[in-house]
Protein chains: 2
Amino acid sequence: MNFEAITIRDIAKELHLSVSTVSKALRDSYEISEKTKKLVLEYAQKNNYRPNPMAQSLKRGHSKSIGIVVSSIDNQFFSQVINGMESEAYSQGYNVIITQSHESYNLEVQNVGHLIHRAIDGLLISIATETHDVEHLKKLQAQGLPIVFFDRVSNQIDTHKVIVDNSGGSYQATTHLLDSGFKNIAHITSSVTSSVTHQRLDGYTKALIERGVGINEQYIKYCLHGGLDLNELQQAVDELLALDPRPDAILTASDRITTSTMTLLHKKNIRIPEDIALVGFTNTVLADVLNPSLTSIHQPAFEIGRKATEMLLSIINSKRPVTEFENVILPTELFIRSSSVKEAKA
Amino acid sequence: MNFEAITIRDIAKELHLSVSTVSKALRDSYEISEKTKKLVLEYAQKNNYRPNPMAQSLKRGHSKSIGIVVSSIDNQFFSQVINGMESEAYSQGYNVIITQSHESYNLEVQNVGHLIHRAIDGLLISIATETHDVEHLKKLQAQGLPIVFFDRVSNQIDTHKVIVDNSGGSYQATTHLLDSGFKNIAHITSSVTSSVTHQRLDGYTKALIERGVGINEQYIKYCLHGGLDLNELQQAVDELLALDPRPDAILTASDRITTSTMTLLHKKNIRIPEDIALVGFTNTVLADVLNPSLTSIHQPAFEIGRKATEMLLSIINSKRPVTEFENVILPTELFIRSSSVKEAKA
DNA sequence: AATTTTTACGCAAACGTTATAGTTGTTTTA
DNA sequence: TAAAACAACTATAACGTTTGCGTAAAAATT
């Protein structure tokens, strides 16, 4: 079955006008008399005319829409980022197309392909944990596609980037744990290749070294799939628990890892924070009502999305090729709750 | 700046062939010699040729993509539904375009417009709580756009629909509360106009009446914005708390309302379930680790999405207009956790 | 009244692709 | 050996819009 819409030609025929007259009337051209405009506009309205976007984009060469690739919308951080993107895009008359990579390189490539097929004017992307090779994006950029990275950026591609002070965030969280009297602080993080992983690891090690606490490599666990694969995370947690001395605190480096780690500790009847304290990067709105309430490193997700979109649109709207790129770093915020405080469980 | 791609015409010129020969070679037509095919294919590959989707869709009259409208992706239920949709759509070679209405009628209309602009082949929609008038969708359906409703359906439009046994779900939950010894059970729900609201209310009242418990209209609170507006929900909770007798349990009717109610009760230092028990519709994966763990009515979200998409694609692929429509009702599942059990807090 | 200007419209080409209908030159068939 | 069949290509017309150019009629200027 086919979705047949009314075309400019139908209007022209019905009103005994030429196609171009109708087109110009609809676009409010000065060449067309007010009377005719009114006639056409009213008829179009009544018959629910909508210009065919394919034809328009084909003609105009751009589509007024931008593509988004995130790992998973089922993640408060990313859904908040997307809200920021929508907000900025809509205000500038652009639409967004959202896709999920589910941390898979193949899906990422496929999604980007789909977006290009949809003739987007630009791309906002946080690369999948699985992705090491960004050649596919490089090619597109070389062909002239404006790209802005956010969250997980690639340093192999030169363009605007929006991230948070990942290092500062985990530095602050680690310092807080040390201040609260925890000594053996483990770190569960994402894929070793990710930019975010490096920065968060840096903050963690910096804090430990500053306080004269050595780095125990065994306390650092990588999850290639960023916590999407529960087995992987389970193994990481199990290995940490088997260590001697057993960690008395864990710093988790991504939204999914944080909440999943909490769930796993619950299942094992490990008390938080009495047995092990937990601090993590997460934007979940439920941090307050978790058991225990969860100390979280919060990212300005909406602003990340808004800013990234603003920068992308500035490239898209720029008259000449952009060669000077900006690297925006936004601050994180530490919310201290019960999961990291020794005294009493809230 | 402009994203200039190589076209079929460029290839033709370079290879001293006609445009049609190149097109046919790329589509592997039997009319073209193997030698020429190889030549064209190799050149295309090397120069990273991608057919212009606008031109293709314009020509073919369909876009191989379907539009999705949900209230908010920042909601585990909907993101799980979307995963089901993606899964089914991808397997049939379709792409999805996701949009959010944020429960606003205006945004819903705007998004549907945008999707139509993008020339989708079909629409999957859960209507916003604010939406009373579905004329805009009726018009599109009349014009031939295949539509499938899921979750929040409209009975003013005849088409395939996928919902869960909302009545059964809240019946089961209410019965469970009664069995657990709660007597004054309140119900916080969404917009009074929504189909889901009615069905969930039905199950609630049915259970109460069956057990000889009267319906107290004051115990039923509607939130027009489905919990997106915190003030609205706060007022509902406050009013419930001021009642005499004060409810000793609350049944919440949507994901957002459930989690937000929990947060509000926490803020007021009301103990769950000692002061007030809480049972709600929610698909959050964090139900187990909330404080207290939350008794939830869980919907088969992935399957809802998958099934709805399957039905939509069957309309799209149908040779003749579809006039017989199906109403699929999937079962809910009650997970009993601590928030509704009197004895002890886990 | 003859001219220039303005108004309001139509024609036709273009965007990139595909499908239909030719057009060659070669090979098979009766 | 003329006719038919075939192989391998090209020309052309769409799909729905937009836009520069052309043009008739009306209005304004000499």
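In this predicted model, the surface near DNA strand D comprises 10 nonpolar, 10 polar and 6 charged residues. The residues around strand D number 26, and A:Ile8, A:Ser20, B:Ser20, B:Thr21 and B:Ser33 come nearest. Both protein chains contribute. From chain A, α1 (8–15), α2 and α4 each supply at least two residues of this surface. From chain B, α2 and α4 each do so. The largest share, 5 residues, comes from α2(A).

DNA strand C is surrounded by 25 residues. The closest are A:Ser18, A:Ser20, A:Thr21, B:Ile8 and B:Ala55. By class, the surface near strand C holds 10 nonpolar, 10 polar and 5 charged residues. Here α2 (19–26) and α4 (53–60) of chain A each give at least two residues. On the side of chain B, α1 (8–15), α2 (19–26) and α4 each give at least two.

The two protein chains were then compared. Two copies of a chain are related by a rotation about an axis and a shift along it. For chain B on chain A, the rotation is 180° and the shift along its axis is 0.2 Å. The superposition has an RMSD of 0.4 Å. The two copies are therefore related as by a two-fold rotation axis.

The chains also touch each other. In this contact, 48 residues of chain B meet 47 residues of chain A. Elements of chain B that give two or more residues to its side are α4 (53–60), α5 (76–91), β2 (95–100), α6 (105–117), α11 (255–267) and α12 (301–317). The most comes from α4(B), with 5 residues. The side of chain B that touches chain A divides into 24 nonpolar, 17 polar and 7 charged residues. Of the interface residues of chain B, 96% are also interface residues in chain A, so the copies meet through the same surface.

Chain A is divided into three domains, two of them built from separate stretches of residues. Domain 1 covers residues 8–50. Domain 2 covers 56–163 and 301–329. Domain 3 covers 166–299 and 334–340. The C-alpha centres of domain 1 and domain 2 of chain A are 37 Å apart.

Within chain B, one helix pair was examined. Two packed helices are described by the angle between their axes and the distance between the axes. The axes of α8 (residues 166–179) and α9 (residues 195–210) of chain B come within 7 Å. They cross at roughly 35°, and the crossing of α8(B) past α9(B) is right-handed. From α8(B), the contact uses B:Asn166, B:Ser167, B:Gly168, B:Gly169, B:Ser170, B:Tyr171, B:Thr174, B:Thr175 and B:Leu178. Their partners in α9(B) include B:Val196, B:Gln199, B:Arg200, B:Asp202 and B:Tyr204. By class, the contact of α8(B) with α9(B) has 6 nonpolar, 9 polar and 3 charged residues.

Backbone geometry was checked last. Most residues other than glycine have a negative phi, and most peptide bonds are trans. Chain A contains a cis peptide bond from A:Asp244 to A:Pro245, with omega near 0°. A:Pro245 sits in the loop between α10 (230–241) and β8 (249–252) of chain A. A cis peptide bond also joins A:Asn291 and A:Pro292, with omega about -5°. A:Pro292 lies in the loop between β9 (277–281) and β10 (295–298) of chain A. In chain B, B:Asp28 has a positive phi, near 60°. B:Asp28 is placed in the loop between α2 and α3 (34–46) of chain B.

Key. Residues are numbered from 1 along each chain as its sequence is written. Chains are lettered from A and ligands numbered from 1 in the order in which they are written. This is a predicted model: local features need pLDDT of at least 70, side-chain atom pairs count only at pLDDT 80 or more; totals for chains, interfaces and linings use all residues. Axes are lines fitted to C-alpha atoms, for helices over the stretch in contact, and angles run from 0 to 180 degrees between N-to-C directions. Helices (H or I, at least four residues) and strands (E, at least two) are DSSP runs, numbered from the N terminus. A crossing is left-handed if the near helix is turned anticlockwise from the far one by less than a right angle, and right-handed if clockwise. Two residues are in contact if their C-beta atoms, placed from the backbone, lie within 7 Å. Ala, Val, Leu, Ile, Met, Phe, Trp, Tyr, Cys and Pro count as nonpolar, Asp, Glu, Lys and Arg as charged, and the others, Gly among them, as polar. Domain bounds come from an automatic or database domain assignment. A residue is near a molecule or strand if its C-beta atom, placed from the backbone, lies within 6 Å of it. Copies are superposed by least squares on the C-alpha atoms of residues with pLDDT of at least 70 in both.
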